[in-house]
Amino acid sequence: MAEKKTATKAAPKKPAAPKAEPKAKEVKLDPKPVVKEQPKVEAKKAAPAPKKPAAPKAAPKVEVKKEQPKVEVKVEQPKVEEKPIIKEEPKVEVKKEAPAPAPKKSGKMKVLFVAGEANPFIKTGGLADVAGALPKALVEKGIDARVMIPLYLGIPQEMKNNMQYIGNCFVQLSWRSQYCGVFSYVYQGVTYYFIDNEFYFKRHGIYGHYDDGERFAFFSKAILESLKIIDFTPDIIHANDWHTALVPVFLDCFYRGEEHCKNAKTVYTIHNIEFQGQYGDGLIEDILGFNYDQSLLVRYAGCVNYMKGGIESASRVTTVSPSYANEILDPYYGYGMQDILNARKFKLSGIINGIDEEKNNPATDKSLFKNYDINTIENKKFNKIGLQQLLGLPVNEDVPMIGMVGRLTHQKGIDLVTAVMDRILDLDVQVVILGTGDWKYENILKDMQNRYPGKLRAIINFSSDMASKIYAASDMFLMPSKFEPCGLSQMIAMRYASVPIVRLTGGLKDTVIAYNHETGEGEGFTFLTYNASDMLYAIERAVGLYRDYKSDWEKVVLNGMKKDFSWKTIANQYIDLYKSI
Ligand code: ADP
């Protein structure tokens, strides 16, 4: 999770004069199938030879899939073996772009959702939750939605054993020709594709490597290249975050002449604008293979910026809540991207994320000490007792328990929490925090735990099992984020009857309404300014209501549990968006 941060962190300051940047709208891309740039011989010599990717044989063992359902893909995988497509770079496949015939709109709409991670295969944060839930909701609504992610080392071997090998091809990254295997796996009715290249993905950790710029440029191009193999012609390619931001760029620059994607429209979703995929401009020739005009799409503020390319090239840009869509137009939240976004405001919108209500269900969650739902809410207390015993906290079902689950980074407001931790604990509460992230926060929290052994537990780990236990055991869920594109944890907390205490920013503002004594409406406690005293006051109000106004407290809890955060509802907004392009 912390890794998510490393290689891509954007400078928080406004970048130097964007005017130095040639305006992207002036960029004219050759609409024809591009003459893949023939790298200069001299340049090649200078470049370090890449490690040869593992040959097809290195692919995970594949035991012929039994279920492999509706992948109208080559189940018998014949062609593949016969023609490992080795692209011969110099040949310009002059597919004259004849005026495209009207796209066939018959049958189901086809959506390819591409991301750096997807639940349940691999996860560092909310992006994986979305990639694991939105396509499922789309499929349930009759869309042929499929997902593509890299075949990481960290994907459980058991899943790998059940993947089906579809075929392989080679991907050109400037002068490199890189092996790309494609596997598929059907999970809950959704076909997932996995891009295999052991040089790039057989490593520990999924982000944070020195060559992330190259790894995800490869993945983005492999997505488009592999469409030929999987024989899927998407109407929409939905890219996410910096990891796949180059997909719409490569599509426009190199693949518009290809049968499988010439009519594809693109959606690019920003899940967190802090991480933009910024690299030195040496990548342009050496990896991306762009000519000067094409390079203008990704050049920004003196470097290469993948996210900027995604914003420029995609048919539509979305972010994961309406409030965040507004906020990122401002320098405080925009991390330098605000000028680009303001110029492209006409195609920007915000759609709030949902949560997987099947997976995040206190009635069925196997991690809980005792399951419960809105009608058996009295059973929730057994989870508090169970967690207190497990963590060695004093067992007392009446003491208010405040939970936190999330990345330990400045984004999540850990500074506010640590600044007033002594005063929070003075309220006679128990605090349980689960997270990994910046060592600074990890160490401060461990130190505080040592000072308050009977009141505070800081579990420095990534554990979905423990996360569930905390959602279920806690009475309140603290999320004082400095910025929050959407936030899923507060929604999960409400579903588990834990009352959110949040700062009114981004998706937190869109999902948590402050409890109103007069009307009985609302399901949480909120504060506006990024300020520890304001946060403390919100916590005091919550604890006060919990202790002294039990019936009001129950109302707040039930209001939260009744809220609809299902993807079923939200998926319709994406369908409308796809149809509008
Ligand atoms: P972000 O995407 O910014 O990390 P979100 O709130 O959108 O934050 O999503 C976080 C998701 O990751 C939630 O499902 C949350 O439960 C989960 N999560 C975060 N940290 C941990 C952790 N240490 N262990 C287990 N799950 C975690």
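What share of the 581 residues of the chain count as buried? In this predicted model, 60% of the residues of the chain count as buried. The secondary structure of the chain comes to 24 helices and 18 strands, and its accessible surface amounts to about 23,200 Å², of which 53% belongs to carbon and sulfur atoms. Among the contacts in the chain with a separation of 6 or more, 75% are accounted for by residues 24 or more positions apart.

The interior of the chain can be described first through its nonpolar core. The largest nonpolar core has 184 residues, and those with the most contacts inside it are Ile155, Phe194, Leu288, Tyr306 and Ile424. The largest share of this core, 10 residues, is contributed by helix H7, which spans residues 212-230. For Leu288, when residues up to four places away in sequence are not counted, the residues touched are Ala217, Leu246, Phe250, Phe254, Leu283, Val298, Val304 and Tyr306.

Tyr306, which Leu288 touches, also belongs to helix H11, where it is buried together with Met307, Lys308, Gly309, Gly310, Ile311, Glu312 and Ser313. Because 8 of the 8 residues of H11 (residues 306-313) are buried, this helix is largely enclosed by the rest of the structure. The N-terminal end of H11 is capped by Asn305, a side-chain oxygen of which lies 3.1 Å from the backbone nitrogen of Met307.

H11 also supplies partners for Tyr268, a residue of strand S7 (residues 265-270). Tyr268 has a relative accessibility of 0% and therefore counts as buried, the cut-off being under 20%. Leaving aside residues up to four places away in sequence, its contacts include Met307, Gly310 and Ile311, as well as Ala239, Asn240, Asp241 and Trp242. Although Tyr268 and Gly310 are 42 residues apart in sequence, their C-alpha atoms are 6.3 Å apart in space. With Asp241 there is a polar contact in addition, in which the side chain of Tyr268 reaches the backbone oxygen of Asp241 at 3.2 Å.

A further buried residue is found in the loop between helix H7 and strand S6 (236-240), namely Asp235. Its relative accessibility is 15%, so Asp235 counts as buried. A polar atom of the side chain of Asp235 lies 2.7 Å from the backbone nitrogen of Lys110.

The surroundings of the ligand were examined next. The ligand is surrounded by 24 residues, of which the closest are Gly126, Asp129, Arg407, Asn461 and Tyr471. This shell divides into 9 nonpolar, 10 polar and 5 charged residues. Polar side-chain atoms approach oxygen atoms of the ligand in several places: a distance of 3.1 Å separates such an atom of Lys123 from a ligand oxygen, the corresponding value for an N or O atom in the side chain of Asp129 is 2.8 Å, and that for Lys412 is 2.9 Å. Of the 570 Å² of accessible area that the ligand has on its own, the protein covers 94%.

At least two residues of the shell are supplied by each of helix H4 (126-140), strand S14 (430-435), helix H19 (464-473) and helix H20 (489-495). The most is given by H19, with 3 residues. Since 8 of the 10 residues of H19 are buried, this helix is largely enclosed by the rest of the structure. Its buried residues include Met466, Lys469 and Tyr471, and they pack against helix H15 (380-391), strand S13 (401-405), S14, strand S15 (456-460), strand S16 (476-479) and H20.

Some features of the backbone also deserve mention. Most residues other than glycine have a negative phi, and most peptide bonds are trans. The peptide bond from Asn119 to Pro120, however, is cis, with omega near 5°, and Pro120 lies in the loop between strand S1 (110-114) and H4. Gln188, which is not a glycine, has a positive phi of about 45° and is found in the loop between strand S4 (176-187) and strand S5 (190-196). With a relative accessible area of 40%, Gln188 is partly exposed. A positive phi, near 60°, also occurs at Asp428, in the loop between helix H17 (421-425) and S14. Asp428 is likewise partly exposed, with a relative accessible area of 45%.

Technical notes. Residues are numbered from 1 along each chain as its sequence is written. This is a predicted model: local features need pLDDT of at least 70, side-chain atom pairs count only at pLDDT 80 or more; totals for chains, interfaces and linings use all residues. Side-chain values use heavy atoms; hydrogens and water are left out. Helices (H or I, at least four residues) and strands (E, at least two) are DSSP runs, numbered from the N terminus. Buried means under 20% relative accessible area, exposed over 50%, partly exposed in between (1.4 Å probe, protein chains only). A polar contact is a pair of N or O atoms within 3.5 Å; within protein, one must be able to donate a hydrogen and the other to accept it, and residues adjacent in sequence count only if both atoms are side-chain atoms. A residue is near a molecule or strand if one of its heavy atoms lies within 4 Å of it. Accessible areas come from the Shrake-Rupley method with a 1.4 Å probe; for residues, only the protein chains shown count as cover. Ala, Val, Leu, Ile, Met, Phe, Trp, Tyr, Cys and Pro count as nonpolar, Asp, Glu, Lys and Arg as charged, and the others, Gly among them, as polar. Contact means heavy atoms within 4.5 Å. A nonpolar core is a set of buried Ala, Val, Leu, Ile, Met, Phe, Trp, Tyr and Cys residues joined through side-chain atoms within 4.5 Å.
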